[in-house]
Amino acid sequence: MNAVCIHCGKRKSGALTLCGVCGRAPDSSEEMAQAVLLSDHNLLGEDLGTLAARIASGEGVTFRTEDVERIARNIDVTRKGRPWKSDWILVLVGVLFFLAFVMAVLIRSTQR
Ligand SMILES: [Zn+2]
């Protein structure tokens with residue numbers, strides 16, 4: 001993927017890679033989303049060149065908020081995993097411990 005560094009405007013390969021010129025990489029989910037938008041995944045090569053020049057000149061580019069938010073949300077889900085999955089495991093472990101406790105009490109009361 002051909003991309004443009006969101007910090008200095010230089011070309012780099014891969015939206016989320018480290019920039020060889022300024023040494024920075026997109027950090028937050030929002031920056032990653034902007035970096036993905038500033039790649040040939042979303043833009044034609046010629047648009048990329050225009051935007052790269054605007055970043056390099058300090059003029060900057062304006063992103064559509066809904067695009068950045070949509071992609072940032074996807075990145076968040078991918079990075080953190082689905083939250084319900086870990087909750088589900090916690091509940092399961094809790095239930096198993098409770099069952100083990102109940103069994104232990106039952107077994108104790110039947111012995112003798
Ligand atoms: Zn850079």
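# Exercises on a predicted model

The 12 residues of helix 2 (residues 45-56) should span 16 Å at 1.5 Å a residue, and the end C-alpha atoms of helix 2 are 16 Å apart, which agrees. The model is a predicted one.

**Exercise 1.** Determine which residues of helix 2 are buried and how they are arranged about the helix axis.

Solution.
1. The cut-off for buried is under 20% relative accessible area.
2. In helix 2, the buried residues are L48, A52 and I55.
3. Viewed down the axis of helix 2, the buried residues fall within an arc of 60 degrees, so they line one face of the helix.
4. An α-helix has 3.6 residues a turn, so residues three or four places apart point the same way.
5. The cover over the buried residues of helix 2 includes strand 1 (2-4) and strand 2 (11-13).
6. Just after helix 2 comes G58, with a positive phi of about 90 degrees.

**Exercise 2.** Identify the protein donors of the zinc ion and classify their geometry.

Solution.
1. The zinc ion has as protein donors the SG atoms of C5, C8, C19 and C22, which lie 2.2 to 2.3 Å from the ion.
2. Along the sequence, the donor residues follow the spacing C-x2-C-x10-C-x2-C.
3. For four donors to count as tetrahedral, all angles must lie between 85 and 135 degrees.
4. The angles subtended by the four donor atoms around the zinc ion are 107 to 116 degrees, so the arrangement is tetrahedral.
5. Of the donor residues, C5 and C8 can be given a burial class: both are buried.

**Exercise 3.** Decide whether S29 and E69 are buried, partly exposed or exposed, and place each in its helix.

Solution.
1. S29 belongs to helix 1 (residues 29-37).
2. The relative accessibility of S29 is 11%, so S29 counts as buried.
3. Leaving aside residues up to four places away in sequence, S29 touches A72, I75, D76 and R79.
4. E69 is part of helix 3 (residues 65-80).
5. With a relative accessible area of 46%, E69 is partly exposed, since partly exposed is the class between under 20% and over 50%.
6. E69 and V36 are 33 residues apart along the chain, and their C-alpha atoms are separated by 12 Å.

**Exercise 4.** State the domain bounds of the protein chain and the separation of the domain centres.

Solution.
1. The domain assignment divides the protein chain into domain 1 (2-81) and domain 2 (82-112).
2. Taken over C-alpha atoms, the centres of domain 1 and domain 2 are separated by 48 Å.

Definitions and conventions: Residues are numbered from 1 along each chain as its sequence is written. This is a predicted model: local features need pLDDT of at least 70, side-chain atom pairs count only at pLDDT 80 or more; totals for chains, interfaces and linings use all residues. Side-chain values use heavy atoms; hydrogens and water are left out. Donors are N, O and S atoms within 2.8 Å of the metal (3.2 Å for Na, K and Ca); water is not among the atoms, so sites may look incomplete. Four donors count as tetrahedral if all angles lie between 85 and 135 degrees; four count as square planar and six as octahedral if opposite donors are over 155 degrees apart and all others between 65 and 115; anything else is irregular. Buried means under 20% relative accessible area, exposed over 50%, partly exposed in between (1.4 Å probe, protein chains only). Domain bounds come from an automatic or database domain assignment. Helices (H or I, at least four residues) and strands (E, at least two) are DSSP runs, numbered from the N terminus. The expected span of a helix is 1.5 Å times one less than its number of residues. The arc is that of the directions from the helix axis to the C-beta atoms. Contact means heavy atoms within 4.5 Å.
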